[in-house]
Amino acid sequence: MRTPSLWLPLCRFAALLFIAAVGVVSTIGAAASAPLLPNTKIRLTIVQWMPTKGVYENWATVSGEYTVSNEGVIFVPLLGIIVVGNRDETALASDIAQKLKEKVGLIAEPAATIEILEFPSIYVVGDVAKPGEYQFHPGLNILQALAMSGGEMRSQGTLQTSLDVTRIVGDLKEIDDSIIRVEARIERLEAEMAGTTTLQLDQKDNNSDPFKTAIYKQEEAIFTARANEVGRQAKSISELRDLLSEEIAVLQQKTTNSDENIKSVQRQLTSVIALVERGAVVPTRQAEVERTLRDFQTDKLDLAVSIMRARQGITQATRDLEGLYDRRHTEVATELQSERATLAQLKFKRETNQQLLYRNLSSVGPSKLDEKQMLKFIIVRRTQGKDSELDASETTAMVPGDVLKVTLRAPSPSQAKPLDAIETTKRTFSQ
């Protein structure tokens, strides 16, 4: 009998813990006592303790997700339009619970909680890379909003910072490396076209450059490997052709022997015919000799066919050998043509990048390249139906619905510092 007496207090204690936990969840991610602004998305949860069942039941009809309208209201089933006003989620949840109690005629208010799912967006405009609408989250400041919008806007036509110069210089270095690779490849292909058996690329003035030396050694290794491959295939075809020639010689010797056998059998047949006419031997002996003669003649025809096949094999092997060199010559010519076109494109690209770098380094002074543009921030915030502008800094906190205006301002001449790296780059490319 003790179990029922303990069960009800335990259930009530668990229920109190549940209500407390739901109340904590409703405040996560929301500013304390902040009013629910228009376009705020919330989740309303209504639960009621059922003593007869010992559990909380969810009011699925009323519970759900709602969005505060531009007029500052939400529509809740059973209750209709609820004016949010300047209330926060706690006050609004308490008001809804009170209205449900009165509407349904409950003895006690149901447990009502509101969780903020999505705050109204903020807007970033002005001199930023990607102006537009962005999702607000608690704790958002000006610097974070600037990062969300891609940072400050930069000109697309000129070099504005030393980072741009570094990027162009890096591109030029990459193009130079590609030109070295292509030139070494062209030398190797030209040597293959000329039928050179060994390759020694021109490495003069390159002994001090490990990169060039490594590239040339790689091309020499490729040349050797390709030459060895062609040599092995040519050797295999040549050996097959020599083998067929030896086979023809053997077949011709067999043909000579077969001719001798035929002549011998023909002489024997002549003698047997004479003996048969005189009655010295039976006619069957003549038939046996004639059969033997036909067998030798058939063998001779087989040998002639084998010789023709061997000669066809030699002809095919010769064509294969010639085709091997023709195909390799065609492949090398195609590769050479492609590499020469690539080299021309790389040189044109390098010249274009150099001209771009020269032009910008000449038109933009070092101080201009190094100067950091100053940013001015203004927050446009709606308060009680009126918009007001507030000066802000990078650490200023934003609230849902704020409009951030970003403006670029050039620093004073005293703030500009020369860029030694840019001057060095200019002198390097002028040499």
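In this predicted model, strand β1 (residues 41–50) and strand β2 (residues 55–58) run antiparallel and are joined by four bridges. The briefing continues from this pair to a five-stranded sheet, to the largest and second largest pockets, to the largest nonpolar core, and to N39 and L78, which have a positive phi without being glycines.

**The hairpin of β1 and β2**

- Strands β1 and β2 form a hairpin, and four residues lie between them.
- Within this pair, Q48 stands opposite E57, a residue of β2.
- The turn of the hairpin contains G54, whose phi is positive at about 75°.

**The five-stranded sheet**

- Five strands make up an open sheet in the order β8-β7-β11-β9-β10, and their pairing is mixed.
- The edges of this sheet are β8 (132–134) and β10 (386–392), each of which pairs on one side only.
- On average, neighbouring strands of the sheet are turned by 25° against each other, with direction ignored.
- Strand β7 (residues 122–126) is paired with strand β11 (residues 403–409) in the parallel sense, over four bridges.
- In that parallel pair, Y123 has V403 of β11 as its bridge partner.
- Strands β7 and β8 run antiparallel and are joined by three bridges.
- Y123 also takes part here, since it stands opposite E133 in β8.
- Strand β9 (residues 374–383) runs antiparallel to β11, and seven bridges join the two.
- One residue of this pair is I379, which has L404 in β11 as its bridge partner.
- As a general rule, side chains in a regular strand alternate between the two faces of the sheet.

**The largest pocket**

- The volume of the largest pocket is about 1,000 Å³.
- This pocket is lined by 38 residues, and those closest to its centre are L37, P38, R382, P400 and G401.
- Both β6 (111–118) and β9 supply at least two residues of the lining.
- Strand β9 gives the most to this lining, namely four residues.
- By class, the lining of the largest pocket comprises 18 nonpolar, 12 polar and eight charged residues.

**The second largest pocket**

- The second largest pocket holds about 310 Å³ of space.
- Its lining consists of 14 residues, and E192, G195, A227, V230 and R328 lie nearest its centre.
- Three helices, α4 (162–193), α5 (210–278) and α6 (283–363), each supply at least two residues of this lining.
- The largest share comes from α5, which provides five residues.
- The lining of the second largest pocket divides into six nonpolar, five polar and three charged residues.

**The largest nonpolar core**

- The largest nonpolar core has 38 residues, and the members that touch the most others are I74, L92, I96 and L404.
- Two or more residues of this core come from each of β1, β4 (73–76), α2 (89–104), β6, β7, α3 (142–148), β9 and β11.
- Helix α2 gives the largest share of the core, with five residues.
- L404, one of the core members with the most contacts to other members, is also the bridge partner of I379.

**Residues with a positive phi**

- Most residues other than glycine have a negative phi.
- N39 is not a glycine, yet its phi is positive at about 70°.
- This residue is placed in the loop between α1 (2–27) and β1.
- Is N39 buried or partly exposed? N39 has a relative accessible area of 43%, so it counts as partly exposed, the range between 20% and 50%.
- L78, likewise not a glycine, has a positive phi of about 80°.
- L78 is found in the loop between β4 and β5 (80–83).
- The relative accessibility of L78 is 48%, and L78 therefore counts as partly exposed.
- L78 and V62 are 16 residues apart along the chain, and 7.3 Å separates their C-alpha atoms.

Methods. Residues numbered from 1 in each chain as written. Heavy atoms only, no water. Pairing = 2+ DSSP bridges. Axes fitted to C-alpha atoms, helices over the stretch in contact; angles between N-to-C directions. 1 Å grid on protein atoms, 1.4 Å probe; cavity = no way out; pocket = protein on both sides within 12 Å on 5 of 7 lines; lining within 4 Å. Points joined across faces, edges and corners; volume = space filled by probe spheres on them. Nonpolar A, V, L, I, M, F, W, Y, C, P; charged D, E, K, R; others polar. Core = buried A, V, L, I, M, F, W, Y, C linked by side-chain atoms within 4.5 Å. Buried < 20%, exposed > 50% of the residue type's maximum accessible area, 1.4 Å probe, protein only.
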